[in-house]
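Me: Hi! I'd like to get to know this chain a bit. Can we go through it together?

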Amino acid sequence: MNNVHSNLTRWSVASRIFHWVSAILLLITWIMILLYDNLDSKVYIGLHKAFGVSLLFWTIARVISRVFTKAPPAVVMPKWQVFISHLSHFVLYALLIAMPIAGLLMTVYGGRAVDVFGLFQIPVFVTPDRGLARLYNDWHTDVLWPMLIAFTLLHIAAALHHQFIKKDNIMARIK
């Protein structure tokens with residue numbers, strides 16, 4: 001089974017770029033909120049929001065690209081694993097869209113615009129409402145954040161399992 005998948009085709013260059021830039025944007029967004037929480041500097045929350053909005057736009061572009069991009073042949077695995085793979089990827093895409101939307105809604109319902117790297121602002125486009133701001137804050141931090149961590153770790157663990165235990169060289173498809 002070592003060389004069964006040695007000639008797997010790769011994802012398109014666009015798909016690979018979308019994948020790795022998404023990972024980098026997500027990591028930077030997490031680092032910015034950790035810095036904000038630990039150093040209590042307002043600059044980090046602004047960067048967290050700007051990177052979060054960037055991740056939202058990037059993910060939307062990624063989903064559009066994915067619709068028009070042919071996937072490489074599937075790796076041979078049991079049907080239940082294929083189902084879990086497709087489901088977990090769908091949930092990751094949904095979370096990468098829902099998380100920044102909840103953060104954006106939390107901010108604008110809190111009566112604050114979102115500055116995106118000084119390039120443009122997303123204005124307060126709703127009537128401020130502290131109750132809705134709190135609701136979206138709870139979704140952003142208490143529901144979507146743990147789910148995003150869990151599904152990201154699941155994604156990484158599955159890739160490592162395939163690469164080092166099943167040895168099907170799956171990671172060559174995305175690098």
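Me: Which residues have the most contacts inside the largest nonpolar core?
Reply: Happy to help! This is a predicted model, and its largest nonpolar core holds 14 residues. Those with the most contacts inside that core are Leu26, Leu55, Leu95, Leu96, Leu144 and Leu148.

Me: Nice. Which elements give two or more residues to this core?
Reply: They are α1, α2, α3 (79–109) and α4 (130–166). The largest share, 6 residues, comes from α3.

Me: And what is leucine 95 in contact with, leaving aside its neighbours within four places in sequence?
Reply: Leucine 95 touches Pro100, Leu144, Met147, Leu148 and Phe151.

Me: Which residues does the second, separate core include?
Reply: That core has 10 residues, among them Leu104, Tyr109, Ile122 and Val126.

Me: OK, new topic. At what angle do helix α1 and helix α2 pack?
Reply: Helix α1 (residues 13–39) and helix α2 (residues 42–68) pack at about 160°, and their axes are 9 Å apart. An angle over 145 degrees counts as roughly antiparallel, so α1 is roughly antiparallel to α2.

Me: Is their crossing left-handed or right-handed?
Reply: The crossing of α1 and α2 is left-handed. The residues of their contact divide into 19 nonpolar, 7 polar and 1 charged.

Me: Zooming out, how many helices and strands does the chain have?
Reply: There are 4 helices and 2 strands. Starting at the N terminus, the order is α-α-α-β-β-α.

Me: Last one: what percentage of the residues count as buried?
Reply: Of the chain's 175 residues, 35% count as buried.

Terms used:
Residues are numbered from 1 along each chain as its sequence is written. This is a predicted model: local features need pLDDT of at least 70, side-chain atom pairs count only at pLDDT 80 or more; totals for chains, interfaces and linings use all residues. Side-chain values use heavy atoms; hydrogens and water are left out. Axes are lines fitted to C-alpha atoms, for helices over the stretch in contact, and angles run from 0 to 180 degrees between N-to-C directions. Angles under 35 degrees count as roughly parallel, over 145 as roughly antiparallel, 65 to 115 as roughly perpendicular and the rest as oblique. A crossing is left-handed if the near helix is turned anticlockwise from the far one by less than a right angle, and right-handed if clockwise. Ala, Val, Leu, Ile, Met, Phe, Trp, Tyr, Cys and Pro count as nonpolar, Asp, Glu, Lys and Arg as charged, and the others, Gly among them, as polar. A nonpolar core is a set of buried Ala, Val, Leu, Ile, Met, Phe, Trp, Tyr and Cys residues joined through side-chain atoms within 4.5 Å. Buried means under 20% relative accessible area, exposed over 50%, partly exposed in between (1.4 Å probe, protein chains only). Contact means heavy atoms within 4.5 Å.
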